[in-house]
Amino acid sequence: MRIKNYSGFMLITAFGWTSCISPPENFPSVPEIEFSTIEYVPTSGADSLIISVNFKDAEGDLGLSPSDINPPFNPLTYKRDAAGNLITYSKRPAGAPSYNPIDWVIDPIINNTVVKDTIWVEQNENQYNIFVRFYIKRSGRFTEFRWQNPPFFTTFNGRFPRILTTEEGQAVEGNIKYRMLSSGWESIFRNDTIRIDVQVQDRALNRSNEVSSPEVTLRQITRNKP
């Protein structure tokens with residue numbers, strides 16, 4: 001079973017302090033966030049689960065541009081054997097996973113050349129800068145709902161764009177609203193109580209504190225139609 005999903009930045013509202021204005025002394029070098037809102041918006045197409053967090057950061061090095069794809073932000077690492085050769089599915093070692101779209105890619109472009117084969121890869125978490133984990137409450141206890149496991153083989157981690165357009169350090173604070181689209185929210189969670197944990201990461205790879213949404217059901221957070 002595969003649930004088609006998308007995730008993406010919606011809106012960032014940010015305020016910055018330049019060198020002409022003394023930034024607040026308590027702004028952290030490691031990003032600091034607090035949970036703000038969670039909302040469910042059903043539509044005739046893919047439905048939206050929208051979360052927002054407030055943030056503070058001393059350097060303002062939050063966000064990734066589309067061109068930020070080189071290390072350490074590269075999406076994948078291609079696994080190689082002892083001789084340095086790419087590991088293909090047909091010649092996979094005994095400990096390699098069975099085919100799935102997380103551990104294997106078909107016909108990737110490597111060094112500007114299309115490799116016509118299925119190649120073993122390792123996902124690089126640093127390609128993302130917002131990380132979301134889902135928890136579902138059963139028998140009074142929360143357990144993680146891992147989207148990367150079968151049958152879904154996906155993630156709702158994602159990227160939001162750069163807060164500032166300059167590399168010059170500048171203290172910032174604001175709000176990030178992040179939308180996750182899927183056709184499967186209601187079929188998976190139904191009336192279950194869920195919780196979402198969130199972290200963000202800056203370009204120096206400093207991971208923020210982790211914050212949690214309230215315990216909610218989809219019905220409780222459904223946006224009322226106008």
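This section describes the salt bridges and the largest nonpolar core of a predicted model.

A search of the whole structure identified eleven salt bridges. One of these is formed by Glu-125 and Arg-207, whose closest N and O atoms are separated by 3.2 Å. This pair links distant parts of the chain, with the two positions 82 residues apart in sequence numbering. Glu-125 is located in the loop between strand E8 (118-123) and strand E9 (130-138), whereas Arg-207 is located in the loop between strand E12 (193-200) and strand E13 (211-212). Glu-125 has a relative accessibility of 44% and is therefore classed as partly exposed, since the class spans values from 20% to 50%. Arg-207, with a relative accessible area of 29%, is likewise partly exposed.

A further salt bridge connects Glu-215 with Lys-137, the closest N and O atoms lying 3.0 Å apart. Because Glu-215 belongs to the segment after E13 and Lys-137 to strand E9, the pair ties together parts of the chain that are 78 residues apart in sequence. Glu-215 is partly exposed at a relative accessible area of 45%, and Lys-137 is partly exposed at 28%.

Side chains of opposite charge can pair when their charged atoms come close. In the case of Arg-146 and Glu-144, the side chains meet in a salt bridge with an N to O distance of 3.8 Å, which falls within the 4 Å cut-off and therefore qualifies under the criterion applied. Arg-146 is partly exposed, its relative accessible area being 38%; Glu-144 is also partly exposed, with a value of 28%. These two residues do not stand alone: through salt bridges that share partners, Arg-133, Glu-144, Arg-146 and Glu-210 are joined into one network.

The largest nonpolar core comprises 35 residues. Within this core, the residues that touch the most other members are Leu-49, Phe-134, Met-180, Trp-185 and Phe-189. Two or more residues are contributed by each of strand E2 (32-41), strand E3 (47-57), E9, strand E11 (171-182), helix H1 (185-189) and E12.

The surroundings of Phe-134 were examined with residues up to four places away in sequence left out of the count. On this basis, Phe-134 touches Leu-49, Met-180, Trp-185 and Phe-189, which are also listed among the core residues that touch the most other members. The remaining contacts of Phe-134 are with Thr-143, Glu-144, Phe-145, Trp-147, Phe-156, Arg-195 and Ile-196. Glu-144 thus appears both as a contact of Phe-134 and as a member of the salt-bridge network with Arg-133, Arg-146 and Glu-210.

Terms used: Residues are numbered from 1 along each chain as its sequence is written. This is a predicted model: local features need pLDDT of at least 70, side-chain atom pairs count only at pLDDT 80 or more; totals for chains, interfaces and linings use all residues. Side-chain values use heavy atoms; hydrogens and water are left out. Helices (H or I, at least four residues) and strands (E, at least two) are DSSP runs, numbered from the N terminus. Buried means under 20% relative accessible area, exposed over 50%, partly exposed in between (1.4 Å probe, protein chains only). A nonpolar core is a set of buried Ala, Val, Leu, Ile, Met, Phe, Trp, Tyr and Cys residues joined through side-chain atoms within 4.5 Å. Contact means heavy atoms within 4.5 Å.
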